[in-house]
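Biologist: Could you take me through one part of this model up close? I'd like to know how a pair of helices packs, and then what surrounds that spot.

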Amino acid sequence: MDYPWNFASVFANSDALLVGAIGTLRIFLICLVSGLSLGLFVGLARYSTRRALYIPASAFVEFFRNTPVLVQILWFYFALPMLVPFEISPLMAASLGISLNSAAFSAEIYRGGIQSIDKGQWEGARALGMTTAQAMRRIVLPQALKRMLPAMTNRGIEIFKMSTLASAVSYAEMLQQGKLIASLDYNPIEVYTVIALAFFVFLFPLVQATYALERKLRRSD
Amino acid sequence: MTSTPNEPLLRIRDLHKQFGHNEVLKGIDLDVFPGDRIAILGASGSGKSTLLRCINFMETPSSGTIEIAGQTIGTALPERLGKQERRYTETELTRVRQRAGMVFQQFNLFPHMSALDNVTEGLRTVQKMSREDAILKARAQLDRVGLSDKASEYPSRLSGGQKQRVAIARALAMEPELLLFDEPTSALDPELVGEVLRVIRALAQESRTILLVTHEIGFAYHFANRVLFIADGQIYESGTPAEVLKNPRKKRTQDFLARHNEFNF
């Protein structure tokens, strides 16, 4: 194998890659915030004993956990506009698909985290006169979030990588831009190598930062 | 709201508690007057902890009434199958729980908060007290249980006895009219029991109203003005410590005390 590596066209189009990187970051941030916060509400509803909350939340989780994100994105982009009276942009379709999927997965992490907290913590809080909502917000959730951090880190990494699925609806994120560059000189090897490395270079330090956060939170243990 | 000395602070009538088909409390009647120090004894599974936990509604009574300072808690539901159930709203129960503070066997301190924050938490979140006032009050309570130097420590850095004293300070800070202790020393190493019992004794000397579920019979004898012996979900024998603990009249009380004294020397 003496393949003549040639990165010239990649570097010549680095501005296009930069546009892609911004697109990737945009999807990542939208889906991280909306997916994990929607997931909290769904997770709380899944934990609830009220059927009016529990049943729709469970249906939501099961539906979005058991259908592929790529299909959801394509559905939101191609099918949903026929049902609603407004345009769906590629960014909207991709963000909807990835956010709802992440909400479904993170809801299960929230629920598991909350359930892992000892019953005595609820009793300690209620014995002081706290309402269920106060006990959840002040006592149970802060401890549960700490335990959930490793699982949530995984979710974050998944969301970041799932952003590439937006290329299926031609949203200008990194993979989409890479495809375009690759088609100029027919050098997919160089382009996809650079893209893979770019993902790694971004994610690796981010994950290290969450390890540091975990260590910091562990101080009270 | 305070009650006059001849009116009970707490009045329990025909209290029943069932877990599924298992009836744990089978009709408890009890009057607790201001300043009463009541020790509740009994074998494990007798229902003594459940009785205590019904008073601040950690457990919802299956039937019967609980009255605090003349005010019956909950509203009656239509009678069903001869059982009078009651409905309790969260708002009402949060108020009851502020009046009846509880200290648990397993402390139930909040591990993500320092000792001081454990004590200020209820003041801030429930009583909406300002941060400054809450800290002042919490420091005074930690001082009372002898832990002013541990205010900034997390529970994981405290011994069992220290944790339980923080839990007592946390309950006291809410200024409850009634203090419920649910086996406060049962999870402690023997050498740490004394420091907790001394704090409880000091509270008793302030003529607070206290209900204590315990296995420390010696302490019960010195601490209480009344002793209840619970067996099979009922108050089996009650009276002064001298009556119940020195000269028990009934067989099961005698057997229980004999078992407890088996290895005394």
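Modeller: Sure. First, a word on the angle I'll quote: axes are lines fitted to C-alpha atoms, for helices over the stretch in contact, and angles run from 0 to 180 degrees between N-to-C directions. Keep in mind that this is a predicted model.

Now look at chain A. Helix α3(A), residues 51-65, packs against helix α5(A), residues 90-115, at an angle of about 120°, and their axes are 8 Å apart. Angles of 65 to 115 degrees would count as roughly perpendicular and those over 145 as roughly antiparallel, so α3(A) and α5(A) are oblique to each other. The crossing of these two helices is left-handed. On the α3(A) side, the contact is made by A:F60, A:V61, A:F64 and A:R65; α5(A) brings A:L100, A:N101, A:A104, A:F105, A:A107 and A:E108. Sort those residues by type and you get seven nonpolar, one polar and two charged.

Then there's the core. In soluble globular proteins, nonpolar side chains tend to be buried together. Here the largest nonpolar core has 110 residues, and B:I40 and B:L212 have the most contacts inside it. The element that gives the most to this core is α5(A), with eleven residues. As for B:L212, leaving out residues up to four places away in sequence, it touches B:I38, B:A39, B:I40, B:F181, B:I200 and B:F223. Another core, of seven residues, lies apart from the largest one, and A:V10, A:M174, A:I181 and A:I195 are among its members.

Last, the contact between the chains: chain B puts in 21 residues and chain A 18.

Methods:
Residues numbered from 1 in each chain as written. Chains lettered and ligands numbered in written order. Predicted model: local features only at pLDDT ≥ 70, side-chain atom pairs only at ≥ 80, totals over all residues. Helix = DSSP H or I, 4+ residues; strand = E, 2+ residues; numbered from the N terminus. Parallel < 35°, antiparallel > 145°, perpendicular 65-115°, else oblique. Left-handed = near helix turned anticlockwise from the far one by under 90°. Contact = placed C-beta atoms within 7 Å. Nonpolar A, V, L, I, M, F, W, Y, C, P; charged D, E, K, R; others polar. Core = buried A, V, L, I, M, F, W, Y, C linked by C-beta atoms within 7 Å. Buried ≥ 20, exposed ≤ 12 C-beta atoms within 10 Å, placed from the backbone.
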